[in-house]
Amino acid sequence: MTRCLLLLFCLSVTACGGGSGSGSGSTLGLSERPGNTQCLAFEGSGEVRLSAVAPSLSFSQPLLMLPHPGLAGIVYVVEQGGVIHRVELAGPSRTELVDLSDTYTLSDCGECGLLGMAFDPEFARNGLLYLSFTEDTGSGMTSVVARFESADNGNSLRVDGAGALLRSDLLQQSQPFSNHNGGHIVFGPDDRLYVALGDGGSANDPTNQAQDLSTRLGSILRLNADGSPAGSGISGALPEIYAYGLRNPWRFSFDRASDELWAGDVGQNRFEEINRISAGGNYGWRCFEGFERTDNSCGASPSGPFIDPMAAYGRSEGTSVTGGYVYRGNNIPALQGHYLFADFGSGTLWALAPQGDGSFQRRTLLETGRNVASFAEDTAGELYLVTFSGLFRIDPVSEEVELPQRLSDTGCVQASAPWQPADGLIPYTVIEPFWSDGTDKTRYMALPDNTRITVDSSGDFALPRGSVLVKNFLLDQSLIETRLFLHNADGSWSGYSYQWDDAGSDAELVEGSQDVDVGGQVWHYPSAGECSLCHTAAAGFSLGLETSQLNSNFTYPQTGNTANQLTTLAGIGVLSEPITSAQRSQTLSRSTDDSATLGQRARSYLHSNCSHCHRPGGTTQSTMDLRFGTTLGDTRTCGISPTNTDPDRPGAQLLAPGDADNSLLYLRMLAEGSFRMPPISILQPDTVGAQLIADWINQLASCN
C-alpha cells in the first residue's frame, strides 16, 4: 500500500490545529458550504424493502405487535415498560389498552418488563387475553403469565369495583437472575398456550437449568387455557414441559400451513440458533451451543438425542437472534415457505430457504440497520418488523440495485484519484476517537443540497436522509479501508466497507466480513451487519457527530484555516439552529491530554468506546450508562455485580473503587477473543486506553 495521505488529510485534532475552541471568533474553517449532488445515499441491495407502518406514531422500546383477532386494521403494540397501545392503522391513531406499571411493580432490567401478549382463540366470545411479564414480588423477580378480560372487544380491560384489573395468574416462575427470561406466549393450532422461559440467566451459574427436567427454566411450556399443564409427556419432567434445552428463546411462531413450531434461541458467546421445535425435543443447551459441544461434562440427554438447530450463525453476523415466521403471504411469491428471522444487534434480515433434501439454506434478504425486537404476522400472512425505531412491513422491491463495486464509482471520492475526497464533502474530526486497532482515521460528511442537520438537546446530530459519512482507515500512513455509512431514504442506516488494493489506486467493496493480513497485522473488514452493532439507534446512529466531540478547533485542508468546528458548521448554514451554550457545555477531553483531569480523560474514553451500546435503550442486557455526562453513581457500574459473573474473577464488580484488578470495566478491555470490549476492532488490545481506565478506577475512593 503505497498511497500516503498525510499531506491530503488531517489525522487528528492535534495535527490539525489542536485544542478546544470556544467558537467566539468570526473565523470560519470554510468560506461556504460545498455543493453536493454526487455523494448521496444509494439504495441498498436487497431482496425486500421495508415500508413504514404508522410512521407518525412513536413507541418506547416496542417488543411486540399483533393484530386484533377479528377487526381488520387494528393492531396492538406492546412496550417493554408495560404499556399496550391499540392502534388504528388507517389514521393512524392510538389509545391505551393498559399500562401495567400503573398497577404492578414490573421488574426494571434489560430483559425484564412486559414481554408477551396473546389473544384467546375464543376472544370474540369470551374477551380473554393473556400477558407475560416479570414482576418484583416479596420473594424476588417472578415471571408471570396472567389472564385478563376485555368486555368491549379490546378497547380496555375489565376492573373490579375498586378499579383494580381483574387478573388470574396461570403461571408464576421465580427467576434466580435478571436475564434470560424468554417471555413470549402464543396459542398454537391446538388452542393451547405455549410459553417460553429462558434458563434463568448468569452464564457462569454452575446449575445446568436447561437440562433439569424438574424446573421449567430453559423450556417451552404448554398449558391449557385454564393454566393446567399440557406438556408433551416427557418421562420424569414437569407436566407442563413441551420441549427443553434452550438458553433464552426469543420469539417463536407456528407455520400456519404446516403447524410446525419455529424458535430463535439467543446464544451465549459464540452462536445464535434457529430451532424447529418438536414435542419432547432437547435442544442441547448448555451441552451444545450451535452445532458445537460446549460442556464435556454433560452426559446423555435425559430424553432422546440432542437436536441440532436448523441454522446457526456466529458473532461476526450478530449478537442476539430474533425469531420470526415462515412466510405464507402473497405479496412476495419468491419467499413462499421461507422462514424469516433477524438479529437484534446487527439488524440483518435472513431467510431460510427449504431445499429438496429437507435441509434449509440461509441467505441475507436485507441489512435493515435497525434493532429488530420482533416480527408480526397479519391475517393475510404478510410479515412486519417491530424495531426500536418504528414498525415496518416487509415488501417486495420494484427492482434490485447493484451496489458500486469500486470506491471510485460511489461519487464520494474523486473518480480519477479516489484517495482524494469528492468536492462536496465536509471534513471533520472528533476529540476522542473510537479505538480501531491502532489505525489513524479521517472523516467526512456529505449532505444533500438544501438540507440541514438538526441538533437535539443532548447535542446529538440528526443528519438528513440521503447523507453519507465517509471514514478512511490508515495503518502506517497507508490507506487500508474506507467505510461509507448511508442514511437511506426510508430512514434506516447501512454501512459498506471498501478494501484498498496494494497499489493504493482504488478500493473494492467487501462482501461479508474478512480478516486480512495487512503489513503483518490482521485487519478485520466488517460486514454491513456488524456496522449496526456499534451504530445503534440509542446513540443516534452517526457516532461522533455530537457537540461534545466536535467542540474543538480543526484545520480545514481546503482552506488551511483553523477554526472551531461547531462555529464553522453553523456559519456555512449546515445546522438548522445555532448551537446553544448548554449544548457546548459538555465537551469531551482527549484521553491522551495530560492537561485534563484523569476523570475527564477516562470518562471521555468510555463515552467514545462504550456508550453507544451502554446507555438507556442500548443493545446490551446490561443497564450501564457510560455517557460522559452521567454521574458515577448513575452509571450503574460502581459497586455493582455483573449480570454474568466472570469465572476467573468470581467476586469482581463492574467497577470496584480503588481496585481495577477486580473491575470488569477494565478487565474486559484486555480479555481474549469475544470477551474483549468493545466487541468490534478488538484484534489489537488498546493497552494504553486500558491503563487509563485502570488508573482512574484505582484512584477512586468510593462511588460518590
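In this predicted model, glutamine 61 lies in the loop between β1 and β2, the latter strand covering residues 62-67. Its backbone is unusual in one respect: glutamine 61 is not a glycine, yet has a positive phi of about 45°. Most residues other than glycine have a negative phi, and most peptide bonds are trans. Two exceptions to the second tendency were also found in loops. The peptide bond from glycine 91 to proline 92 is cis, with omega near -10°, and proline 92 belongs to the loop that connects β4 (83-88) with β5 (93-99). A further cis peptide bond links tryptophan 285 to arginine 286, where omega is about 5°. Arginine 286 is placed in the loop between β16 (271-277) and β17 (288-289).

Strand β1, which precedes the loop of glutamine 61, takes part in an open sheet of four strands with the order β1-β26-β25-β24 and antiparallel pairing. Strands of a sheet pair through backbone hydrogen bonds, either parallel or antiparallel. The edges of the sheet are formed by β1 (48-53) and β24 (372-377), each of which pairs on one side only. From one strand to the next, the twist averages 30°. At the β24 edge, five bridges connect β24 with strand β25 (residues 383-387), and these two strands run antiparallel. Within this pairing, phenylalanine 375 has leucine 385 of β25 as its bridge partner.

The segment before β1 also contributes to an aromatic contact. Across the whole structure, 18 aromatic pairs were identified. In one of them, phenylalanine 42 and tyrosine 496 adopt a tilted arrangement, with 5.8 Å centre to centre and 40° between the planes. Phenylalanine 42 is located in the segment before β1, whereas tyrosine 496 is in strand β35 (residues 493-500); the pair therefore ties together parts that are 454 residues apart in sequence.

Another open sheet is formed by four strands in the order β10-β11-β12-β13, again with antiparallel pairing. Strands β10 (185-187) and β13 (241-244) occupy the edges and have a single partner strand each, so one side of each is left without a neighbour in the sheet. Neighbouring strands of this sheet are turned against each other by 20° on average, direction ignored. Strand β12 (residues 219-223) and β13 run antiparallel and are joined by three bridges. One residue pair in this region consists of leucine 221 and its bridge partner in β13, isoleucine 241.

Helix packing was examined for α6 (residues 598-610) and α8 (residues 687-698), whose axes come within 9 Å and cross at roughly 130°. An angle counts as oblique when it is outside the ranges for roughly parallel, roughly perpendicular and roughly antiparallel, the last of which begins over 145 degrees; α6 and α8 are therefore oblique to each other. The crossing in which α6 passes α8 is left-handed. On the α6 side, the contact involves Leu598, Gly599, Arg601, Ala602, Arg603, Tyr605 and Leu606, while α8 contributes Gly689, Leu692, Ile693, Asp695 and Trp696. By residue class, the contact of α6 with α8 comprises seven nonpolar, two polar and three charged residues.

Terms used:
Residues are numbered from 1 along each chain as its sequence is written. This is a predicted model: local features need pLDDT of at least 70, side-chain atom pairs count only at pLDDT 80 or more; totals for chains, interfaces and linings use all residues. Side-chain values use heavy atoms; hydrogens and water are left out. Axes are lines fitted to C-alpha atoms, for helices over the stretch in contact, and angles run from 0 to 180 degrees between N-to-C directions. Angles under 35 degrees count as roughly parallel, over 145 as roughly antiparallel, 65 to 115 as roughly perpendicular and the rest as oblique. A crossing is left-handed if the near helix is turned anticlockwise from the far one by less than a right angle, and right-handed if clockwise. Contact means heavy atoms within 4.5 Å. Ala, Val, Leu, Ile, Met, Phe, Trp, Tyr, Cys and Pro count as nonpolar, Asp, Glu, Lys and Arg as charged, and the others, Gly among them, as polar. Two strands pair if DSSP finds at least two bridges between them. Rings of Phe, Tyr and Trp (its six-membered ring) pair if their centres lie within 6.5 Å; planes under 30 degrees apart count as stacked, over 60 as edge-to-face and the rest as tilted.
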